[in-house]
Structure formats: structure tokens, C-alpha cells
Amino acid sequence: MPSAELYNSSLKGVRVVGEISDKAEKAPSTPRDILTQGALKFIVFLHRTFNERREKLLEHRQVVQKELDDGGHLHFLEETKYIRDDPNWKCLPTHPKLQCRKVEITGPPDAKMVVNAFNTDVQTYMTDFEDSCSPTWHNMIYGQVNLYDAIRDKIDFTNPKTGKRYKIHHEGRRVPVLIVRPRGWHMVDSHILIDDEPISASIMDFGLFFYHNAKYLISQGLGPFFYLPKMEHWQEAKLWDDIFSVSEDCLEIPRGSIKATVLIETLPISYQLDEVLYALREHSSGLNCGRWDYMFSTIKRLRNQKEHILPDRNQVTMTVPFMTNYVKQLIKVCHKRGVHAMGGMAAFIPRKDDPVKNKEALDAVGRDKLREVLAGHDGTWIAHPGLLQTARSVFEKHMPTPNQVYVQKPDTSVSEADLVDTNIIGGKITRKGVDANIYIGLNYMESWLRGFGCVPINHMMEDAATAEVSRLQLYSWSHQKVRLEDTGETCTPELVIELIDQEAKKLATADGNKFAEAAKALTDEIGNKKPLSEFLTQILYPQITTVGKSIDLSSLKP
């Protein structure tokens, strides 16, 4: 049987209820070039084959949560000890174009960001369908259009408000290598229904990009490269590996063509790093320290263990024990297995209005990047081109080679307890911290509801991960009834709800704002009107879902 027939599955029981008009935006390509019959059959095949496993793995997360709520502890898995103890296995060598990743820029796949990122002199560009992108149907489908056009050098964007034209400039330089981050396993997309259930958002984002672009990228000496977010168990990585292998077989490209970097951004999976790399050993290009999501996950999973309640978020830096230990563990394991250990995000936005504060912030970014390179990281993230020179100069000075995977850390020893050592000397929970979390949470959620997932707040680029820290701290502080050290108040659900409502009314000045909806989402959880959600994106997603009439699938291109 020709391999193409493997995914030539029936579209019976499939409905597309998202608009795919060719007239929504002016672009060389259109949604109809992305949502073809062939592409749809491919993602439907993947969903029907793997979705049951995905759902069972998500159920297991709640088993772990219940164990922690009952006073249990996370631990290294006994059943996979043989993987951790075997010194001989390594991941396959990564792609030559991924050997040097000193500075990676990240951002959502809107046309302006895609062009600006490709015009930034970084080694790699991670385009993000996840935390920095509000998953409206328009954002998701046009994100695919923009990437399809960009890698073929066809993207041509003119800002309708300013008339400024954006185009990728190749003259005299290389273009950054593209890496795509699909949405996490917990997300679905309600605009494609398969057998009366929404499609896995991870499979949709991966599958559409892979189907249209894998062979073209390989022909250009590149490859389909991905970042994998939000996993909590190594079997979730094995699920990705199986999807990769089946997808490679379907398109008749060699096994191992896909390379993926896993974001280690949840507390449970930090106990399973060897296992993650082992599961993806044909497809791995390393691990990344997703610092903000890792903090969020730690707060979420340990929220009912009062001894692990964290102080104000600006006091939870990368130098506190549990964060430092997670970095040490990640670098040791990555280099032992022959892959990159990528550093975290610099989210500062350069300030033209205040040169003094701008210099102070850039100096802080420089110190953070110095910590990363000296610890052993092989590269780092920035969210703004204005940070490139600071980050690059530090890594080029202290890591003149393309990477430092060869630097082994055999003497590093991180225990189970070290990964949850949340004792932060001098850490305080304050009313100022409560107010900051409310302000950040409301502003981010309101923007997300309007379709913007990457939001400048207080000269920092906030995304869903940083907003999650605010949401979970408000929940845990109020439910644990902590004392606010600057005012002496007890932080109760009633107090936090009152403060949220006051701030929302203060912020709700512009027409068409969504602050009331954002406030309700926060207060319903804090007031126990609704159970605490795993992710704020799951709370808000129904409000940005725009379900229309089912389109005629026979009208799609082949």
C-alpha cells in the first residue's frame, strides 16, 4: 500500500466550522491553501489514531495532582531507573542547522512579527502558536498562512494603519532557522470537529505545518523543527515521538527528519528528563528551561502544601534554590545525552523614554545571560530585537564554540527534595504583590480575549505563562489565607475578589474592553464558583471561539 494512503482517511464525521474566506486579509496565500482536503485528511488521521492516548495522559495529570494534594511527593520513577542509569545511550545528532543556537527570538506567528523575526540577526526563530498567541481561529489559520509564505520568501505585509511595508531582507546575511511551537496537549480547537469532538490543537498545529512544509524545508537543507510545550510525563513525549514517526512515514521522508526541543516547564517532568530524551532520542534537539511556566507549574501542583507557597513573583528569580536546581539537572542530563540545553526568556522591552532605566534593565539582562552561559546553557531566548546585542555579546564572549554540549557535569547531583526546595531567604508575600498580580492578570487576560497573546505590561513582554503565575498566586495565597507582610492583612478570597473588581472597574475605560469578563474568570475560581482550571486559556477559550456554519469539504482544494 502506498504510504500516502495511510492518512487518506474518510472525512465522514468531520466538520469545519471556522471561516476560511479568501478575503479576510491580503496575503500571497490564503486559508484555502492551508486547509486543503489532503491536509485535513492528514490531521484527521493523526487525531483519530492518537487522541485517545492524549486524553488518558491528561487524566493522569489529575492523578498526580490528587497524590500531591493528599501530601504526597514527586519522585524519580523506579520503573525507568534503567534509562537513567545507562551511561551509553545518546540522542541522535541534531541537524547541522541547529548546532548553533546562541540567541533565539520568539513571538506569535502574525505577519508583522514573522517578518521582524526573520529580519533579526539571530540563529533561530521560535514562532509560537501557544503562550504568546491568543488562539482565535483567525490567528491560528493565518499563522499557518504566514509561515507557509515566509519560508518560501513570499510574505509581503503592509500595515493598514501606517502604510509601512514589511518584507524579509536576505541581502548579505542568513535568515534565522525556523522552529514552530504548537499548542500544548491540553488544548483543543473547536473550529474543526472530528466525530463530534474538537480536534487536538497540538495535532492541528503540528499537522498543518508539517504536511505543507516538511518536504520543502528538507529541500532547502533545513527540516521541520519544533518546540514541544507543557508536558508533564515522559509518556507525553513518547506520544509526540510516535506521531513524528508515523508522520514521516506518511510523507515518505526519512525517520529522524523532525527535530524537537522540549520545553521543561512543568514541575513533574523535571523528575523525568532522561526519560524524555530517551523517548525522543531519534528526534530530539534538546531541552529548554521554560522558567515562567515552570514557576507557574510549581505553584499549581503544590498549591495545597502550605510549606511550598511562593513569595511575590519578583522575588522568585533563577537564583532561588528550586529554580537553580532544575537548571543544573537539565544541563547535566542534556550534555550527558549529547543535546542542547537552552536557557530562558529575557522578556524586557527596551525603553526609549528613559535611558537610565533602559541601561539598568539591559545590565540585568546581561547578568542573567551571563548566569546562563556560565551554568552551561547552549543558547538563550529573547522576546525583542533590542535585546539581541546584549544576549549575543555575552554568549559569544563566554561560548566561542557553536555550543558547549561537550561540557559534561558528572559531579552535579540534584535530589528529589532539591527540585522542590522553595525556601527563599527573605521572601515575602505582600499587598503590593497582590496588587501587581491583579494588574498583570487582568490586563493580560483582557488582551487575550481581544485576540492578543503577547502583551507589553510595565515594560515587560507578558504571555500566558507570566499571567498564569499571577492567577495561581492569587488563588493559593487567598486559599491558604497568608499574611501580607507589608500591611498585616490576611489574604482571603473575599479580599482578593474585592480588589479584582475594583481594579477591573478602574481599567475598564475604553469601549469594547473585556475587563469584566477577565475579572469574572479570576473571581469565579477564587470564590469557588468554579473549580480551579488547569490553564487560564481553557477558561477563556470558549469566549474567543467563533463557530459558524459547516463548510462544504468538497469545495476545498485537493
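Biologist: Where is Asp463 placed in this predicted model?

Modeller: Asp463 sits in the loop that joins strand E15 (460–462) to helix H14 (464–480).

Biologist: How do you know whether Asp463 is buried or exposed?

Modeller: Its relative accessible area is 15%. Buried means under 20%, so Asp463 is buried.

Biologist: What makes the link between Asp463 and Ala465 a polar contact?

Modeller: The side chain of Asp463 reaches the backbone nitrogen of Ala465 at 3.0 Å. The cut-off for such a pair is within 3.5 Å, and 3.0 Å meets that distance.

Biologist: Which residues does Asp463 contact, if we leave out neighbours within four places in sequence?

Modeller: Those are Asp131, Ser132, Tyr444 and Gly453.

Biologist: Which residues carry the "active site" label in UniProt?

Modeller: The unreviewed UniProt entry places that feature at Arg181 and Asp463.

Biologist: Why do you say that they gather at one spot?

Modeller: They span 283 residues in sequence, yet no two of their C-alpha atoms are more than 14.1 Å apart, so they gather at one spot. Arg181 and Asp463 also belong to the lining of the largest cavity.

Biologist: And Arg181, where does that residue lie, and is it buried or exposed?

Modeller: Arg181 lies in strand E6, which covers residues 177–181. Its relative accessibility is 3%. With the limit for buried at under 20%, Arg181 counts as buried. Beyond four places in sequence, its contacts include Asp128, Glu130, Asp131, Glu265 and Trp381.

Biologist: Let's move to Lys514. Why is Lys514 called partly exposed?

Modeller: Its relative accessibility is 29%. Partly exposed is the range between the 20% limit for buried and the 50% limit for exposed, so Lys514 counts as partly exposed. Lys514 is found in the loop between helix H15 (493–507) and helix H16 (515–526).

Biologist: What makes Glu446 a partner of Lys514?

Modeller: The two are in contact, and contact means heavy atoms within 4.5 Å. Lys514 also contacts Leu449 and Arg450, leaving aside neighbours within four places in sequence. Seen from the other side, Glu446 touches Asn513, Lys514, Phe515 and Ala518, again not counting residues up to four places away.

Biologist: How do you know whether Glu446 is buried or exposed?

Modeller: Glu446 is found in helix H13, residues 431–449. Its relative accessible area is 4%. Set against the limit of under 20%, that value makes Glu446 buried.

Biologist: How far is Lys514 from Arg53?

Modeller: They are 461 residues apart in sequence and 36 Å apart in space, C-alpha to C-alpha.

Biologist: What about Ile382 and Val103, how far apart are those?

Modeller: Along the chain they are 279 residues apart, while their C-alpha atoms are separated by 7.1 Å. Ile382 is found in strand E13, residues 379–382. Its contacts include Val103, Val122, Met345 and Leu388.

Biologist: Why does Ile382 count as buried?

Modeller: Its relative accessibility is 0%, and buried means under 20%, so Ile382 counts as buried.

Biologist: Which residues touch the most other members of the largest nonpolar core?

Modeller: Leu40 and Ile192 do, out of 125 residues in that core. Helix H2 (residues 37–69) gives the most to this core, with eleven residues.

Biologist: Why do you say where this core lies relative to the domains?

Modeller: Domain 1 (26–418) and domain 2 (431–541) both give residues to the core, so it lies between them. A second, separate core has 37 residues and includes Trp448, Trp477, Ala504 and Ile526.

Biologist: Which residues does Ile192 touch?

Modeller: Not counting residues up to four places away in sequence, they include Leu35, Leu40, Ile43, Trp137 and Met204.

Biologist: How far apart are domain 1 and domain 2, and how many residues take part in their contact?

Modeller: Their C-alpha centres lie 26 Å apart. The contact takes 39 residues from domain 1 and 35 residues from domain 2.

Biologist: Which domains does UniProt list?

Modeller: The unreviewed entry gives "Malate synthase TIM barrel" at residues 177–421 and "Malate synthase C-terminal" at residues 428–544. Residues 177–421 are 42% helix and 17% strand, and residues 428–544 are 62% helix and 5% strand.

Key: Residues are numbered from 1 along each chain as its sequence is written. This is a predicted model: local features need pLDDT of at least 70, side-chain atom pairs count only at pLDDT 80 or more; totals for chains, interfaces and linings use all residues. Side-chain values use heavy atoms; hydrogens and water are left out. UniProt positions are given in the numbering used here, feature names are shortened, and annotations may be inferred rather than shown by experiment. On a 1 Å grid over the protein atoms alone, a cavity is a set of points where a 1.4 Å probe fits but cannot get out, and a pocket is an open set with protein on both sides within 12 Å along at least five of seven lines; lining residues have an atom within 4 Å of a point. Helices (H or I, at least four residues) and strands (E, at least two) are DSSP runs, numbered from the N terminus. Buried means under 20% relative accessible area, exposed over 50%, partly exposed in between (1.4 Å probe, protein chains only). A polar contact is a pair of N or O atoms within 3.5 Å; within protein, one must be able to donate a hydrogen and the other to accept it, and residues adjacent in sequence count only if both atoms are side-chain atoms. A nonpolar core is a set of buried Ala, Val, Leu, Ile, Met, Phe, Trp, Tyr and Cys residues joined through side-chain atoms within 4.5 Å. Domain bounds come from an automatic or database domain assignment.
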